[in-house]
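Work through the following exercises with the sequence and the model side by side, and try each task before reading its solution.

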Amino acid sequence: MAKNAQHWEKTRGLLFVTLAIWAVFSMGIFLFGAEMNEVTGPFGYPLTYWFTCQGSLAIFVILIFWFAGRQEKIDEEFGFSEKGDD
Amino acid sequence: MIKGNFIDNLPKVYGIYTGGFIGFIILMAIGEQMGMSAKAIGICFVGFTIFIYALIGWLSRTAQASNYYVAGRTVPTVFNGMATAADWMSGASFVAMAGGIYFKGYGYMALLVGWTGGYVLVATLLAPYLRKFGCYTVPDFVGTRYGGNTARLMAVIVLTVASFTYVTAQINATGTIAAVALDIPFQYAVYVGLVSILLCSMLGGMRGVTWTQVAQYIVLIIAYLLPVFWISNNIGAGFFPHFMLADEVARIGELEQQFGFVKNSAADLATVPKGLAGITKAHSEVNATPWAFISLALAMMMGTASLPHVMMRFFTTPSVKAARKSVGWSVFFIFLLYSSAPMLATLSKLALIDPNLPTGIIGKSIAEVQAIDWYQNWNQANLMFVSDFNGNGTVELNEFFMGGKAVVLATPEIAGLPYVISGLVAAGGLAAAMSTADGLILAIANAISHDVYYKMVDPKAETAKRLVVARVLLVIIGFAGATIAAMEIQGILGSVIWAFDFAMSGLFWPLVLGVWWKRANKEGAIAGMVLGLVSGFAYLVWVRSGGSGFLGITQLTFGIFGSTVSLVAMVVVSLMTSEPSAATQKMVDDSRVPAGTQVISQK
């Protein structure tokens, strides 16, 4: 059971990191939407505008794949991963 | 041509399908050059795609419960991603989203962030654990985790309220497109749409829906992206719009400054046909308070994680690992369309308001605009309107009105694209509405057939009988949805956003705490679902009947209130009652380990 507890602790740690990044790019930055929009962002779009139509969305895609990879590593470390590939 | 296992051949099958569809578009383009009428092209597009979906639905027929409920748990990650994206992106995403951005700008774009960010919650908090549980439906998880029929039934009720709110809008959208393309009255077109929807799902259940949704995703993404790229090239805005429209966005800002946002008087606005709007908000400026933006995004994200028709897509993957990755693919495929919607809104707006472009109408004389072909067409369809409020004879920014749908539907025509593109867009909108309607109707029917009929009423029922019940329910729910859609009380029932708020009010915390808090028990979950749904609903009624609301929570974000009540009720009641049995706690432990057999063994 100790192994399970350790595995869960690491899993929870990963959850908090992932949710922290999520919270920043889904809500945090928009606290400063007006100020940020004065800055020119990637491809020359106003920065806040760019985040709402490309930036945040792309970050979510990358974040989920990153999370899936990290979680797989944790599962493997404890021998909890499923056999066979997907 | 195709040998061996169907699953191994998926890339080949859908590769051929995509090639065939592109071939069909080219054929239609040639037909147009040779004098095929616009109406014939529309009928061909709608008829051909519906025929293909029905064929896939028939080929996927099954007599096995695991195929019917979870597609045999064999759907590979990438394909499940496409199916989820089609399941997710409704007629509203396809037809209305670009329009929303066009008219409301930044404030509306909270929806883009919310409807993608929610998948981070799905991937981290729920999907892998519910997949390990091995449930067939979302209420199946609630019923097994918390135990007892009351919790299961409550989950079915929340699911039905949320999904049914959503599905009438989708059937309505299917009917609208069928009515225009096939030129039949809306009241009949709704049922044509319904029959097409049922053809996909009735014989094969989740398996049929999965493979038609993949096919529908391919149609809808081609139908969305092709016009965006084409229009961008046509008006000289750049060959890859997503990276090249900064100048156009800046130009719109300048034009807005130059024209100014003139507020129309109430008397003038009364002459504008219902449902049409003018440009009153800046295109790329921040025009919402931080909380208005964040609360809407938050409500949509928590709602995303609570909507059963999305969650059940992740029950179909072969493994827990695959379920996680598949969420990533889903957002990727959704991203392809969502990141294009603002580009389409930009192109559409610039094409219409820039006096330097031949398509621009602001500053032209009223008579000249009224003589334009596309203006007459869309004016007749009640989607466009100009009026000379100030009597100076020319069209001003505040004197041009358009329906939200027109941004997607009419822009190809305005930018001078051939009619074949309009036919393609109709097929895409139909695919988007049908795929979502299919997922929703199946979610409701499966919950009632599996959780109410099989688990509560007749646990000894044979598989064959269960599947008959499931299919009968599918038809009944479909017809109920279509009947309400045909009554056209869309304004009240059609609000897609409400579905998110209902789902999050009732289901978000019972699902999340079911995985992440072992102490959560049956009494707590029931309290959470009942009080969450009731308080959310009460808040909605209160605000709609003139209540002022509090903390800036509006009728679009009432789920924030509902889910907070749900959380508090669930924690308090759980702590006041005894902790779950050792067997239940073991079940939660098992669900947290990907390896091993799934928690529920299904027959």
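**Exercise 1. A covered helix**

Task: Decide whether H10(B) is mostly covered or mostly open, and describe its length and what follows the helix.

Solution: Begin with the count of buried residues, which in this predicted model shows that H10(B) is mostly covered, since 22 of its 30 residues are buried. Next, follow the helix from end to end: the 30 residues of H10(B) reach 43 Å from the first C-alpha to the last, which is close to the 44 Å expected at 1.5 Å a residue. Finally, look just beyond the helix, where H10(B) is followed by B:Gly236, a residue whose phi is positive, near 70°.

**Exercise 2. The buried side of a helix**

Task: Find out which residues of H2(B) are buried, where they lie around the axis, and what covers them.

Solution: Step one is to place the helix: H2(B) spans residues 38–59, has 22 residues, and reaches 32 Å from its first C-alpha to its last, close to the 32 Å expected at 1.5 Å a residue. Step two is to list the buried residues of H2(B), which are B:Ile41, B:Gly42, B:Phe45, B:Val46, B:Thr49, B:Ile50, B:Tyr53, B:Ile56 and B:Gly57. These residues cover an arc of only 150° around the axis, and therefore they sit on the same side of H2(B). The spacing of such a list can be understood from a general rule: an α-helix has 3.6 residues a turn, so residues three or four places apart point the same way. Step three is to look at the covering, which for the buried residues of H2(B) includes the helices H1 (10–33), H8 (149–182), H9 (186–201), H10 (205–234) and H21 (419–457) of chain B.

**Exercise 3. A sheet of three strands**

Task: Work out the strand order of the open sheet in chain B, and say which strands stand at its edges.

Solution: The open sheet has 3 strands in the order E1-E3-E2, and the pairing is antiparallel. Strand E1 (276–277) and strand E2 (384–386) of chain B stand at the edges, because each has a single partner strand, and so one side of each is left without a neighbour in the sheet. Now go through the pairs in turn: E1(B) is joined to E3(B), residues 400–403, by 2 bridges, while E2(B) and E3(B) pair over 3 bridges. B:Met402 of E3(B) appears in both pairs, for it is the bridge partner of B:Ala277 and also the bridge partner of B:Met384. As a last step, consider the faces of E3(B), both of which are covered, with B:Phe400 and B:Met402 buried on one side and B:Phe401 and B:Gly403 buried on the other.

**Exercise 4. Two chains, two outlines**

Task: For chain A and for chain B, decide whether the chain is compact or spread out by the globule rule.

Solution: Take chain B to begin with, which contains 27 helices and 3 strands. Its radius of gyration is 24 Å, close to the 25 Å that the globule rule gives for 603 residues, so chain B is as compact as a globular protein of that length. Of those 603 residues, 57% are buried. Turn then to chain A, whose secondary structure comes to 3 helices and 0 strands. The radius of gyration of chain A is 18 Å, well over the 12 Å that the globule rule gives for 86 residues, so this chain is more spread out than a compact globule. The C-alpha atoms of chain A fill a box of roughly 55 × 25 × 10 Å along the principal axes, and 34% of its 86 residues count as buried.

**Exercise 5. Where the chains meet**

Task: Describe the contact between the chains, and then examine A:Gln54.

Solution: Start with the totals, which are 44 residues from chain B and 39 residues from chain A. On the side of chain B that touches chain A, the largest share, 11 residues, comes from H16(B). Sorted by class, that side has 29 nonpolar, 9 polar and 6 charged residues. Now focus on A:Gln54, which lies in helix H3 (residues 47–77) of chain A and touches B:His242 and B:Ser339. To settle whether A:Gln54 is buried, count its C-beta neighbours inside 10 Å: there are 23, and therefore A:Gln54 counts as buried, the cut-off being 20 or more.

Conventions:
Residues numbered from 1 in each chain as written. Chains lettered and ligands numbered in written order. Predicted model: local features only at pLDDT ≥ 70, side-chain atom pairs only at ≥ 80, totals over all residues. Contact = placed C-beta atoms within 7 Å. Helix = DSSP H or I, 4+ residues; strand = E, 2+ residues; numbered from the N terminus. Nonpolar A, V, L, I, M, F, W, Y, C, P; charged D, E, K, R; others polar. Expected span 1.5 Å × (residues − 1). Buried ≥ 20, exposed ≤ 12 C-beta atoms within 10 Å, placed from the backbone. Arc of directions from axis to C-beta. Rg over C-alpha atoms; globule rule 2.2 N^0.38 Å. Pairing = 2+ DSSP bridges.
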